[in-house]
Amino acid sequence: MIESKNHLLLAQLAEGLPICSHPYATIGEKIGLSESQVIERLRYLQKKGTIKRLGIIVKHATLGYRANAMIVWRIPEAEIDIVAQKMLKFSFVTLCYQRPMLPEWSYNLYCMIHGKNKVTVENQLAQLIKQCDLSAVEKQILFSSRCFKQRGAVYTANSSFNEK
C-alpha cells in the first residue's frame with residue numbers, strides 16, 4: 001500500500017507541480033492523500049535518497065531569455081568550493097556545479113548564465129570574472145544554439161522502495 005502510493009506520488013511529481021497555491025494538496029487529492037501526508041512522504045523519500053532534490057525547470061526562451069551561456073572553468077581542486085560559493089552569490093548565475101576533469105576535457109567547474117541577449121551575458125560574465133578574481137583562470141564560454149525538451153526526472157515501475 002505504502003509502496004504503491006509512493007509510485008503514484010513520484011508519477012505525479014514527474015508531470016510537474018500544478019500551478020496553484022497548494023500543489024501538494026492537489027497532488028494528494030489525485031492519489032488519495034492529504035497535503036500533509038504528501039509532504040511527509042516527500043521528506044521520507046528525500047531522507048532515504050529516493051529523491052535527491054526537488055527543483056524547478058524554467059523554460060528560459062518562453063520568458064524571453066535568448067542568450068544562454070555555460071561557462072566552463074579550470075579551477076584548482078583546493079579552490080573549487082570557495083570559487084563556486086562566490087559565483088553563487090550572483091543572481092544571474094543560475095547553476096554552478098563541479099564535474100571531474102577528463103583527459104579530453106580539462107574543465108571542472110560549470111556555471112550557467114541566462115540573459116535576454118548576448119551582450120548582457122558577456123557583461124555579467126565580465127563582472128563575475130572581475131569580482132571573483134578569475135581573469136587568469138582558463139575558461140570556455142559555450143552559448144546555446146538551440147533549446148532541447150526540458151523535463152524533470154521520470155520514475156519507473158522498476159524503482160525500488162524499502163518502506164518503513
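This is a short tour of the fold, cores, one helix and a few single residues in a predicted model.

## Ground rules

Residues are numbered from 1 along each chain as its sequence is written, and side-chain values use heavy atoms, with hydrogens and water left out. Since the model is predicted, local features need pLDDT of at least 70 and side-chain atom pairs count only at pLDDT 80 or more, while totals for chains, interfaces and linings use all residues.

## The overall layout

The chain has five helices and four strands. Here helices are DSSP runs of H or I with at least four residues, strands are runs of E with at least two, and both are numbered from the N terminus. Walking from the N terminus, you meet them in the order α-α-α-β-α-β-β-α-β.

Of the 164 residues, 34% count as buried. Buried means under 20% relative accessible area, exposed means over 50%, and partly exposed is in between (1.4 Å probe, protein chains only). As for contacts (heavy atoms within 4.5 Å), residues 24 or more positions apart make up 67% of those with a separation of 6 or more.

## Two nonpolar cores

A nonpolar core is a set of buried Ala, Val, Leu, Ile, Met, Phe, Trp, Tyr and Cys residues joined through side-chain atoms within 4.5 Å. The largest one has 23 residues, and the members that touch the most others are Trp73, Met87, Leu109, Leu128 and Leu134. Two or more residues each come from β1 (67-73), α4 (80-87), β2 (93-98), β3 (109-115) and α5 (118-131). Take Leu128: leaving aside residues up to four places away in sequence, Leu128 touches Trp73, Met87, Phe90, Phe92, Val93, Cys111 and Leu134.

There is also a second, separate core of eleven residues, with Leu13, Ile31, Val38 and Leu45 among them. Ile31 also shows up among the buried residues of α2 (residues 23-31), alongside Pro23, Ala25, Ile27 and Gly28. Just after α2, Gly32 takes a positive phi of about 80 degrees.

## Helix α5, inside and out

α5 has 14 residues and spans 20 Å from its first C-alpha to its last, close to the 20 Å expected at 1.5 Å a residue; the expected span is 1.5 Å times one less than the number of residues. Its buried residues are Val121, Gln124, Leu125, Leu128 and Ile129. Viewed down the helix axis, they fall within an arc of 140 degrees, so they line one face of α5. That arc is taken from the directions from the helix axis to the C-beta atoms. The cover over these buried residues includes β1, α4, β2, β3 and β4 (139-143). On the other side of α5, Val119, Asn123, Lys130 and Gln131 are exposed.

Both ends of the helix are worth a look. Asn117 caps the N-terminal end of α5, with a side-chain oxygen 3.2 Å from the backbone nitrogen of Val119. Past the other end, Asp133 sits in the loop between α5 and β4. Its phi is near 55 degrees, a positive value in a residue other than glycine. Asp133 counts as exposed, at 63% relative accessibility.

## His114 and its neighbors

His114 lies in strand β3 and counts as buried, at 12% relative accessibility. Its side chain makes a polar contact of 2.6 Å with the side chain of Asn68, and another with the side chain of Thr94 (3.4 Å). A polar contact is a pair of N or O atoms within 3.5 Å; within protein, one must be able to donate a hydrogen and the other to accept it, and residues adjacent in sequence count only if both atoms are side-chain atoms. Not counting residues up to four places away in sequence, His114 also touches residues including His60, Tyr65, Phe92, Val121 and Gln124.

## Cysteines without bonds

A search of the whole structure turns up zero disulfides, defined as pairs of cysteine sulfur atoms within 2.5 Å. Why is the sulfur of Cys96 not in a bond with Cys111? Those sulfurs are 5.7 Å apart, which is too far, even though Cys111 has the closest cysteine sulfur. The sulfur of Cys132 is 8.8 Å from its closest cysteine sulfur, again in Cys111, and that is also too far for a bond. Cys96 is buried at 17% relative accessibility, and Cys132 is buried at 5%.

## One loop glycine

Gly16 lies in the loop between α1 (2-14) and α2. Gly16 is partly exposed, with a relative accessible area of 34%. Its C-alpha is 8.6 Å from that of Ile56, and the two residues are 40 residues apart along the chain.
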